[in-house]
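Reader: I am new to this structure and should be grateful for a close look at a single part of it. Please choose one chain, and set it beside its partner where that helps.
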Amino acid sequence: MAFAMGTPLLDACVLAVLSGGDAYGYSLTQRVKERLDISESTLYPVLRRLERDGYLRVYDRPFQGRNRRYYAITQVGRTYLDVRRGEWKEFRDGVDALLEEESEHG
Amino acid sequence: MDKRAYLSRLSDNLERYVPDQERWDILRWYEEYFKDAGEGNEQAVIQELGDPATLARRLAEERGYGETRKGPRMWQILLGAVIVVIIAIPLMAFSPLAQLLGFHRVTHDPVEFVTTVPVEQAPSEWYEPDPGYGVDIDINAEGVNVDLHAEDIDSPSVRTNMSTDGDNLDWDFDGQYLYVNWYGSGESSYKAAGTLTVAIPASWELAQVSVYLVGAGDAAVSDLQLCDELYVETEVGNVTAKRILDVGGYLSLHAGVGDVSFDGLPARAGSTYLSTETGDVSATLFCEDRSVPYSLNTDVGTVTVDGVDCGSSASYSVGSVAWHFNAWTNVGDVSLAFDPEGVVGVIQGEDNGGIYTIVPTSPPVSVTD
């Protein structure tokens, strides 16, 4: 794909997945990858950044004799996600408008 | 390349760029990723992740660590080389093989296990390993820390710093068998609710001791003089065993997630097992000499023996003895040390028969910290 997935967009996508329910690393990665062609290695830094900024929190749960780490969106994260959604819509509408205008005149 | 090899290469590469804490976090993430992907998908995950060196560099960059942030300077490399030579010279005379292998595996020629008993001190019968002789202790608890230790008291006591309606705690002692059960509230809590303290008379002779914790909670046992077996396991919590004199058959300390630490004497008629899935394992053996057969392993981390870095595993064999000291972790460090100052007794016995006895030097065991 010719278009790059920027940091704010990826952050928003991860938060959007978590807004549908808590997830552990592997399941979260799979759910993002179902929709987007991203490499796994980009997700760990994203999660750490979101955790640092308070948009998500982390907790551990025992699972089959080990601890599994889960990620949950916080209230601040939900607010942030709403803002990003608004911005994305604006951005997308702008791009759509330009691309469609181009094709109409072409 | 399998999962272990992959994680280990990733770890080695990360070490150049990121601080240890970050490295552990990253390794934990990938360890979990592998596990949740399923055993059958190991190769697919390795394919997906790509070259470990590239991945390490990429993670470091994205986490904001400069390319050579942790790279050693030339003077550090030279200093390291000088230190290695200084350490290697005395070791070369002692063990050419270890030097050949660059200390990654500590091996020596098999030697006979020999220790002596001073003749003026007759072995105390108290310490004779004799299953069925001594008190059995069974502790089962959920969501609570447990502290089991010996005190200068006449009868056992069970205390807690938690309010209880009486339904949580159930315990009894019939002169031969002490059991303590603590039932969790049933709510899913991932933090231990408080501490349950079980104190036993320091004079007690013990046979089999078992502490089993479910949910979150640390287990601490100290000042136990065992005749037969000690078994401690936590699900999420540290295991600490201090001043343990185990002359009997079996000693096992295991944490699902948590650190395991031990000091005292290893089991002499059977084996000692210290293990955790995620966490560090450390042991200090109060042995008069170092003739303890051991094997130490970590998947992701470092093994050290008396402070010497041994890579990811170290072993030492002592002829054909039935007992063995084992310590391992999936993710974490393993360290083994010998403390001559910690000697609290002299061990005697034959290689295989399990007829070891400890002659207490004075005092037999310290009861207070």
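Author: The account that follows looks closely at chain B, and then at its contact with chain A.

This is a predicted model, in which local features need pLDDT of at least 70 and side-chain atom pairs count only at pLDDT 80 or more, while totals for chains, interfaces and linings use all residues. Residues are numbered from 1 along each chain as its sequence is written, and chains are lettered from A and ligands numbered from 1 in the order in which they are written.

The model as a whole scores ipTM 0.88 and pTM 0.49. For chain B, the mean pLDDT (the predictor's confidence in each residue, from 0 to 100) is 72. Of the residues of chain B, 65% reach 70 or more. Within the chain, strand β8 of chain B (residues 219-222) has the highest confidence, at 94, and helix α6 of chain B (residues 96-100) the lowest, at a mean of 39. A stretch of chain B with pLDDT below 50 covers residues 89-132, and in the model it has 69 contacts beyond near neighbours in sequence. Residues 346-369 of chain B also have pLDDT below 50, with 63 contacts beyond near neighbours in sequence. Here a contact means that the C-beta atoms of two residues, placed from the backbone, lie within 7 Å.

Chain B holds six helices and 22 strands; these are DSSP runs numbered from the N terminus, helices being H or I over at least four residues and strands E over at least two. Of its 369 residues, 39% count as buried. A residue is buried if 20 or more other C-beta atoms, placed from the backbone, lie within 10 Å of its own, exposed if 12 or fewer do, and partly exposed in between. Among the contacts in chain B with a separation of 6 or more, 59% are between residues 24 or more positions apart.

Several single residues of chain B deserve a closer look. Y17(B) belongs to helix α1 of chain B (residues 3-17), and it counts as buried because 21 C-beta neighbours lie inside 10 Å. Although Y17(B) and L59(B) are 42 residues apart along the chain, their C-alpha atoms are separated by 9.3 Å. D223(B) sits in the loop between β8 and β9 of chain B. D223(B) is not a glycine, yet its phi is positive, at about 55 degrees; with 20 other C-beta atoms within 10 Å, D223(B) is buried. D306(B) likewise is not a glycine and has a positive phi, of about 50 degrees. Its place is the loop between β16 (303-305) and β17 (308-309) of chain B, and D306(B) counts as exposed, with 12 C-beta neighbours inside 10 Å.

The largest nonpolar core has 59 residues; such a core is a set of buried Ala, Val, Leu, Ile, Met, Phe, Trp, Tyr and Cys residues joined through C-beta atoms within 7 Å. The residues that touch the most other members are I139(B), V146(B), V211(B), A219(B), V221(B), V232(B) and A327(B). Strand β7 of chain B (residues 206-214) contributes the most to this core, five residues. Leaving aside residues up to four places away in sequence, V221(B) touches L148(B), H149(B), V211(B), V232(B) and A241(B). Another core lies apart from this one and has 36 residues, including L47(A), L50(A), Y30(B) and V331(B).

The partner, chain A, has four helices and three strands, running α-β-α-α-β-β-α from the N terminus. Chain A has 106 residues, of which 25% count as buried.

Where the chains meet, the contact takes 20 residues from chain B and 17 residues from chain A. On the side of chain B that touches chain A, two or more residues each come from α2 (20-37), α3 (42-49), α4 (52-62), β9 (225-236), β11 (250-257) and β13 (271-278) of chain B. The largest share, six residues, is given by α2(B). By class, this side of chain B has 10 nonpolar, two polar and eight charged residues. In this count Ala, Val, Leu, Ile, Met, Phe, Trp, Tyr, Cys and Pro are nonpolar, Asp, Glu, Lys and Arg are charged, and the others, Gly among them, are polar.
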